Amino acid sequence: MEYTLIKSRRKTLSLEIRGDDVIVRAPNRISKREADAFVKKHEAWILKKKAQLAQKKAQEDASPKLSEEELRDLADRAREIIPARVAYYAGLMGARYGRITLRCQKTRWGSCSAKKNLNFNILLLLTPPEVIDSVVVHELCHLWEMNHSARFYERVYAAYPDYDRWNRWLKENGHLIMARVFGNR
């Protein structure tokens, strides 16, 4: 199996699949023979991962693209729905936040700045309402914890006990929603 070998001052071997390319990252001391053995040992995993990525790409290619008009309508709906959900959960949690910004973003569903401003992706409107709520609660919890520590997740689960279920939904399906605007990445 062909692969690209990238050596550096790292301590361990790793595999990365990018499209059809296999990349092996290795410590400087690793020989070509050792890298070949590493790839051979992980060949089943590589083939499985390549098949998964090909299936994901096919799904994304088949996703119906959104028109400019549909995106404008989505933005209008987002301006009504998302701030209302933020206000609702902020009231329950006793949270104080700054500005809310809504954008069509390629890589993020939401974020919270150090100035306590909240940002949300309008594409959330293409998800179930529970996903919107899970992202809203996640970002509101960053008002107290600007990290993903155990304390952060204690807050998340206290406000939204079903968080894991809807976060998983977003991880499994979010790429299809993003593909409707940005194609596959």
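## A tour that starts at Asn121

Begin by selecting Asn121 and, around it, the residues it touches: setting aside the neighbours within four places in sequence, Asn121 is in contact with Ile82, Arg103, Cys104, Gln105, Arg108, Trp109 and Met178. Please keep in mind throughout the tour that what you have open is a predicted model.

Stay with Asn121 for a moment and show the strands as a cartoon, where you will find this residue in strand β6, which covers residues 118-121. Is Asn121 buried or exposed? Its relative accessibility is 0%, and because buried means under 20%, Asn121 counts as buried. Now display the side chain of Asn121 together with the backbone of Gln105, and you can see that this side chain reaches the backbone oxygen of Gln105 at 2.7 Å. Add the backbone of Arg108 to the selection, since a polar atom of the Asn121 side chain also lies 2.9 Å from the backbone oxygen of Arg108.

**Strands β2 and β3**

Next, move towards the N terminus and select strand β2, residues 14-18, with its side chains shown. One face of β2, made of Leu15 and Ile17, is covered, whereas the other, with Ser14, Glu16 and Arg18, is uncovered. Which way does β2 pair with strand β3, residues 21-27? The two strands pair in the antiparallel sense, and there are 5 bridges between them. To follow the pairing from one strand to the other, take Leu15, a residue of the covered face of β2, and look across to Val24 in β3, which stands opposite Leu15. Then select Gly19 in the hairpin of β2 and β3, where 2 residues lie between the strands and Gly19 takes a positive phi near 65 degrees.

**The aromatic rings**

For the next stop, show the aromatic side chains; how many aromatic pairs does the structure hold? There are 6 of them. Select Tyr88 and Tyr89, whose ring centres are 4.9 Å apart and whose planes stand at 85 degrees, so this pair is edge-to-face. The two partners can be told apart by their accessibility, for Tyr88, at 42%, counts as partly exposed, while Tyr89, at 7%, counts as buried. Another edge-to-face pair is formed by Tyr157 and Tyr163, with 6.1 Å from centre to centre and 70 degrees between the planes. Here Tyr157 counts as partly exposed at 32% relative accessibility, and Tyr163 counts as buried at 4%. Widen this selection to include Phe152 and Tyr153, and you will have one aromatic cluster in view, consisting of Phe152, Tyr153, Tyr157 and Tyr163.

**The whole chain**

Finally, zoom out and colour the protein chain by secondary structure, which comes to 6 helices and 6 strands. Followed from the N terminus, the elements run in the order β-β-β-α-α-α-β-β-β-α-α-α. The radius of gyration of the chain is 21 Å, well over the 16 Å that the globule rule gives for 185 residues, so the chain is more spread out than a compact globule. If you turn the model along its principal axes, the C-alpha atoms fill a box of roughly 60 × 40 × 25 Å. Of the 185 residues in the chain, 36% are buried, and the accessible surface comes to about 11400 Å², with 49% of that surface belonging to carbon and sulfur atoms. Among the contacts in the chain with a separation of 6 or more, 52% are between residues 24 or more positions apart.

Note on methods: Residues are numbered from 1 along each chain as its sequence is written. This is a predicted model: local features need pLDDT of at least 70, side-chain atom pairs count only at pLDDT 80 or more; totals for chains, interfaces and linings use all residues. Side-chain values use heavy atoms; hydrogens and water are left out. Buried means under 20% relative accessible area, exposed over 50%, partly exposed in between (1.4 Å probe, protein chains only). Helices (H or I, at least four residues) and strands (E, at least two) are DSSP runs, numbered from the N terminus. Two strands pair if DSSP finds at least two bridges between them. Rings of Phe, Tyr and Trp (its six-membered ring) pair if their centres lie within 6.5 Å; planes under 30 degrees apart count as stacked, over 60 as edge-to-face and the rest as tilted. A polar contact is a pair of N or O atoms within 3.5 Å; within protein, one must be able to donate a hydrogen and the other to accept it, and residues adjacent in sequence count only if both atoms are side-chain atoms. Contact means heavy atoms within 4.5 Å. The radius of gyration is taken over C-alpha atoms; the globule rule is 2.2 Å times the number of residues to the power 0.38. Accessible areas come from the Shrake-Rupley method with a 1.4 Å probe; for residues, only the protein chains shown count as cover.
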